[in-house]
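The following account leads the reader through selected features of one structure. It proceeds from a helix to a sheet and then to pairs of charged side chains.

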Amino acid sequence: MHYGHELQFGTFITPKNDPPQFAVRLAELSEASGYDLVTFQDHPYQPAFHDTQTLLTWVAARTACIHVAANVANLPLRPPAVLARAAASLDLLSGGRFELGLGAGGFWDAIDAMGGRKLTPGQAVDALSEGIDVIRGIWDQGEHARFQLDGTYYRVDGAKRGPAPAHNIPIIIGALKPRMLRLIGRKGDGWLPSLGYMQPGDYAAGNARIDEAAIAAGRDPREIRRLVNIGGRFGGGGGFLNGSAAQWVDDLLPYAVDDGVGTFILASDDPGTIVHFAEEVAPALREAVARELRTADAAASPDSISLSASPSTGSGSRVVRSASVRAKRRDGIDYDAVPAPLAADAVEPGDAGYVRVKSTYMRGGAPGLVLRPADAAQVADAVDFARGNPDVPLGVRSGGHGISGRSTNDGGIVIDLSRLNAMEVLDEAKRLVRVGAGARWQDVAAFLAPHSWALSSGDYGGVGVGGLATAGGIGWLVREHGLTIDHVRAVEMVLADGSIVRADASQHPDLFWAVRGAGANVGIVTAFEFEVDEVGQLGFAQLAFDASDTAGFLQAWGDWVVDSPRDVTSFLIMGGSRPGEPPVARVMAVIDSDDPDTVIARLQPLAEAAPLVGQDVRLTTYESIMANAADGSHGAEGEPTARTGIIGRITPEFAADAARFIASGASYFFQLRAVGGAVHDVPADATAFAHRSAEFSVVAFGSSRHRTSERWNELMAPHFSGAYVSFETEVGPATVAAAYPPATLERLRAIKREVDPGNLFRDNTNIQPA
């Protein structure tokens, strides 16, 4: 019986430590030869062998894509809670390339809970079962309570969970006896026997026991990959696996087609045998298996049902998730309809990596499915799938930090573009670059730095390119070089009908107009073409002022910004002051000059506006300024509250009300960002961002939505002439009207009607189709 698994191949190498690099070199050869997996026996008591866990770590560091595993780990000598953390760490460090081979082994007398007694075979199975529970319990970061298990053989009393592995680490169990086979059916992800210890028919009989136990436990037998260790000789005198490559193919073919073996692991320390198998046997066996399965499918009755009836793709078969993962699926999503290439990298609530993709920088989320496409075609597939699930929320995440929180949801679908992060120079003379929407701005800054280029792009390096470059982009160089959207020359994007288009000034010009300021409403941009700027060393100032006269300082700072040359851009941050201490205004400013005297001259008028309580002024690079984000995933909880508005010059009335708003405690983070300068040079109707007369963008974060919004609407809203969509968490018609003036909104509604009449892209500052 075939189980629908993509055929894979591995090597089984002796972990000899003399010479020390012996096994490592064979592992590197295995990867170079195209094997999927390299494995090593686990016998730490053998003085001639490396410790296998240490060896696996070293091999993972010396290789790039091959998976690594013990064949198999001796659980009595590897305490399961420790093994779980070691496995998760190695999986994270290797980018999801660790698989946990596990066996009952010997030495169960080492378990203190049994008082040093030998275990019977049945007790060993029960101990292994408990060990698996411990390992999975430690990995399960989806559970907030500390892990506890009061078992017969293992006891865990309130252990902290985590870290979560990079992927769902399969637990592959080496076994032959019936009770162990039934355990695999109940709890294992793979079966790994050695063919040399089996008689004809044993593999099929083992499958039957595993399948029966899996079905009784409510599992799909396809969840369990079938592996086997094999050994033999090339050019021998005949017999099983003792002859030509063609004979090896003939001998192994029934195990793949009839017994469902998905992974053949070659036990050999001979480099020639490893290479010969990879070059002659593996590709021929893959071709023969595919041919046999096509023939079987063609001959099958249309009404027949088998365990192999899962859709396959050019790169392999559909991933069958475990029953425990399927149990956490959310209602309303047709999980079985996810296209197979997307399903392989999708993340569901029960998956190991879910904790790293469910939330955003400021908003806690619990989506039912996170799709992670690898290219524009897969984004189109994701859009088609989302369109087929119209009753659940749809969020689009460009790959990094964001304020509005719209890129996650509760129970819906998220299309995560973080894998679309490639960058390339298209035309060096024109300073034209292509950047994937899933890149982050600190990575873009680092990519441009060797060319002495930069692109104004917000103030935080962890922000995703796609969200900012479709909304506006108010960054450190905005007064001199304009908004980020002003540098967009073309976009590649996926529309609501799944079509992939290029939009620029001549192709789809209306769409190109709309995507620069309202991009989240009209499609998913997968790549941008930017014309970037030549930028050398910069002056970067971080200043702190005693802002006891808050209104006066806001007025002075605002006048300084507007009256400064365009090479000055500045942001100001204030929050609640501590009891007994004056309020502090933190000012950051970028001066596009590598001359210290010019930098100081630009800052001097501001330095006289209020007492300085802290200062740091230096010459640096745009890359260094933007290198301010950690690489970790986001793990916010709850709903963010952020309000935003756009104003011209800071008036005394605005400054007074802003001071009252800050003093009220309604916001723990109140920020003004300079706009103005080059932003004014672009006509208001040139892009969907129409607030070209703006001098400042204002944003306030609050911990209480009601209190923050109440004081915001009372004190701040009357001063605004617009809003900036990236910083606004409120949704609804009022927010849309604030973000887009009437003429702009009317045009956007008409474009929306053309490209997204069903309003698929609606979880944003949503523009209803005309």
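In this predicted model, helix α8 covers residues 271-299, and its 29 residues should span 42 Å at 1.5 Å a residue. The C-alpha atoms at its ends are 41 Å apart, which agrees with that expectation. The helix nevertheless has a kink of about 35°, centred on Phe277. Phe277 is also one of the buried residues of α8, a set that includes Ile274, Val281, Leu285 and Val289. Among the elements that cover these buried residues are strands β1 (8-13), β10 (225-230) and β13 (261-267), together with helices α1 (22-32) and α7 (245-257).

Further along the chain lies an open sheet of 7 strands with antiparallel pairing, in the order β29-β26-β28-β27-β31-β32-β30. At its edges stand β29 (612-620) and β30 (642-647); each has a single partner strand, so one side of each is left without a neighbour in the sheet. From one strand to the next, the twist averages 15°. The partner of β30 is β32 (residues 696-701), to which it is joined by 6 bridges in an antiparallel arrangement. Within this pairing, Gly645 has Val698 of β32 as its bridge partner.

Two helices pack on this sheet. Helix α19 (residues 652-663) touches β27 (568-574), β30, β31 (669-674) and β32, and its direction makes about 150° with that of β31. Helix α20 (residues 705-716) touches β30, β31 and β32, and its direction makes about 15° with that of β30.

Strand β30 also takes part in a link between charged side chains. Arg643 forms a salt bridge with Glu728, with the closest N and O atoms 2.8 Å apart. Because Arg643 lies in β30 and Glu728 in the loop between α20 and α21 (733-739), the pair ties together parts that are 85 residues apart in sequence. Both residues, Arg643 and Glu728, are buried.

The structure holds 41 salt bridges. In another of them, Glu223 meets Arg326 at 2.9 Å between the closest N and O atoms. Glu223 is in the loop between α6 (202-216) and β10, whereas Arg326 is in helix α9 (residues 323-326), 103 residues apart. Glu223 is buried, with a relative accessible area of 8%, while Arg326 counts as partly exposed at 28% relative accessibility.

A further salt bridge joins the side chains of Arg406 and Asp763 (2.9 Å, N to O). These two residues are 357 residues apart, and the pair links distant parts of the chain. Arg406 is buried at 15% relative accessible area, whereas Asp763, at 21%, counts as partly exposed.

Definitions and conventions: Residues are numbered from 1 along each chain as its sequence is written. This is a predicted model: local features need pLDDT of at least 70, side-chain atom pairs count only at pLDDT 80 or more; totals for chains, interfaces and linings use all residues. Side-chain values use heavy atoms; hydrogens and water are left out. Two strands pair if DSSP finds at least two bridges between them. Helices (H or I, at least four residues) and strands (E, at least two) are DSSP runs, numbered from the N terminus. Axes are lines fitted to C-alpha atoms, for helices over the stretch in contact, and angles run from 0 to 180 degrees between N-to-C directions. Contact means heavy atoms within 4.5 Å. The expected span of a helix is 1.5 Å times one less than its number of residues. The bend at a residue is the angle between axes fitted to the seven residues ending there and the seven starting there. Buried means under 20% relative accessible area, exposed over 50%, partly exposed in between (1.4 Å probe, protein chains only). A salt bridge is a side-chain nitrogen of Lys or Arg within 4 Å of a carboxyl oxygen of Asp or Glu.
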